[in-house]
Amino acid sequence: MNIDPADDEDALLATSDPIQLTRAWIADAARTGPWSNAVSLATADAAGKVGCRTVLLFLRDDRLYFATSLESRKGRDLMAVPYAAMSAFWMKVRQWRAEGPARLASEELADTLFSEAPLPERLLVRASADGRPQTPDQLNVAYQDCRSRYAGVVVPRPGKWRAFQLLPETFEFWEADVVKWQHRCRRFTWDAESASWSSCFVGP
């Protein structure tokens with residue numbers, strides 16, 4: 001079921017496909033500004049300490065992907081505890097959540113996502129110390145060095161920069177009408193036995 005973001009007022013009621021609804025809500029959010037696919041990503045390390053940060057969500061072939069360095073905190077977390085939760089909030093007063101196992105995607109997909117990123121972002125990936133100590137001046141020197149080194153040539157993806165696929169077990173879609181003070185929250189749960197989604201409305 002393809003949902004037209006221009007006609008999605010009742011999509012929360014009508015759809016049985018949380019992936020297509022996710023796609024529609026992101027497309028709708030893109031009408032009002034950039035970074036509509038920015039989501040919060042929560043992970044935990046082996047000791048149970050939780051970390052949260054913002055990443056970009058990519059939908060490819062009805063699958064959810066994000067990318068990070070394996071040397072970053074979230075990369076290390078995911079290699080130790082391959083489970084993650086995502087959430088997004090859009091100013092149309094909507095909140096989206098998904099959670100489930102996370103696994104490394106192919107090197108080919110990582111190459112594709114990296115090549116599609118704007119040049120400054122690719123250079124920043126090469127220059128970043130991935131959460132380790134690095135002053136702004138040191139980062140700028142590393143960035144300028146990368147810009148000179150790769151001037152006029154393809155910026156290669158670092159081997160540490162990989163894509164992960166989130167395999168959602170649950171989705172939640174919450175929306176509110178602040179004028180009428182109406183709230184709707186629908187939860188989708190994956191049923192492995194029937195290989196299908198079940199859903200119900202829950203309190204916000």
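Select Thr22 and show what surrounds its atoms. Leaving aside neighbours within four places in sequence, Thr22 is in contact with Leu57, Leu59, Trp96, Phe171 and Phe173. Thr22 sits in helix α2, residues 18-30. Its relative accessibility is 0%, so Thr22 counts as buried. Keep in mind throughout that this is a predicted model.

**Whole chain**

Zoom out to the full trace. The protein has six helices and ten strands. Its C-alpha trace spans about 55 × 40 × 30 Å along the principal axes. Colour by accessibility: of the 204 residues, 41% are buried. Now turn to contacts with a sequence separation of 6 or more. Residues 24 or more positions apart account for 57% of these.

**The β1–β2 hairpin**

Select residues 38-44, which form strand β1. Add β2, residues 50-56. The two strands pair in the antiparallel sense, over seven bridges. Find Ala44, which stands opposite Val50 of β2. Then follow the five residues between the strands. Stop at Gly48 there, where phi is positive, near 90°.

Stay on β2 and compare its two faces. Gly51, Arg53 and Val55 make up the covered face. Val50, Cys52, Thr54 and Leu56 make up the uncovered one. Keep Leu56 selected for the next stop.

**The largest pocket**

Leu56 is one of the residues nearest the centre of the largest pocket. Add Ala67, Glu121, Val125 and Trp161, which complete that central group. The full lining has 24 residues, and the pocket holds about 650 Å³ of space.

Which elements each supply at least two residues of this lining? Two are strands: β2, already on screen, and β4 at 63-69. Two are helices: α4 at 107-116 and α5 at 119-127. Show all four together as cartoon, with the lining as sticks.

Colour the lining by class. Nonpolar residues number 13. Five are polar, and six are charged.

**Arg184 in β9**

Move to strand β9, residues 182-191, and pick Arg184. Buried or partly exposed? At 24% relative accessibility, Arg184 counts as partly exposed, because the buried class lies under 20%. Show side chains here. The Arg184 side chain makes a polar contact with the side chain of Glu175, at 2.3 Å.

Finish with a distance. Select the C-alpha atoms of Arg184 and Leu59, which are 125 residues apart along the chain. The separation in space is 24 Å. Leu59 also brings you back to the start, as one of the contacts of Thr22.

Note on methods: Residues are numbered from 1 along each chain as its sequence is written. This is a predicted model: local features need pLDDT of at least 70, side-chain atom pairs count only at pLDDT 80 or more; totals for chains, interfaces and linings use all residues. Side-chain values use heavy atoms; hydrogens and water are left out. On a 1 Å grid over the protein atoms alone, a cavity is a set of points where a 1.4 Å probe fits but cannot get out, and a pocket is an open set with protein on both sides within 12 Å along at least five of seven lines; lining residues have an atom within 4 Å of a point. Grid points are joined across faces, edges and corners, and a volume is the space filled by probe spheres set on the points. Helices (H or I, at least four residues) and strands (E, at least two) are DSSP runs, numbered from the N terminus. Ala, Val, Leu, Ile, Met, Phe, Trp, Tyr, Cys and Pro count as nonpolar, Asp, Glu, Lys and Arg as charged, and the others, Gly among them, as polar. Buried means under 20% relative accessible area, exposed over 50%, partly exposed in between (1.4 Å probe, protein chains only). Contact means heavy atoms within 4.5 Å. A polar contact is a pair of N or O atoms within 3.5 Å; within protein, one must be able to donate a hydrogen and the other to accept it, and residues adjacent in sequence count only if both atoms are side-chain atoms. Two strands pair if DSSP finds at least two bridges between them.
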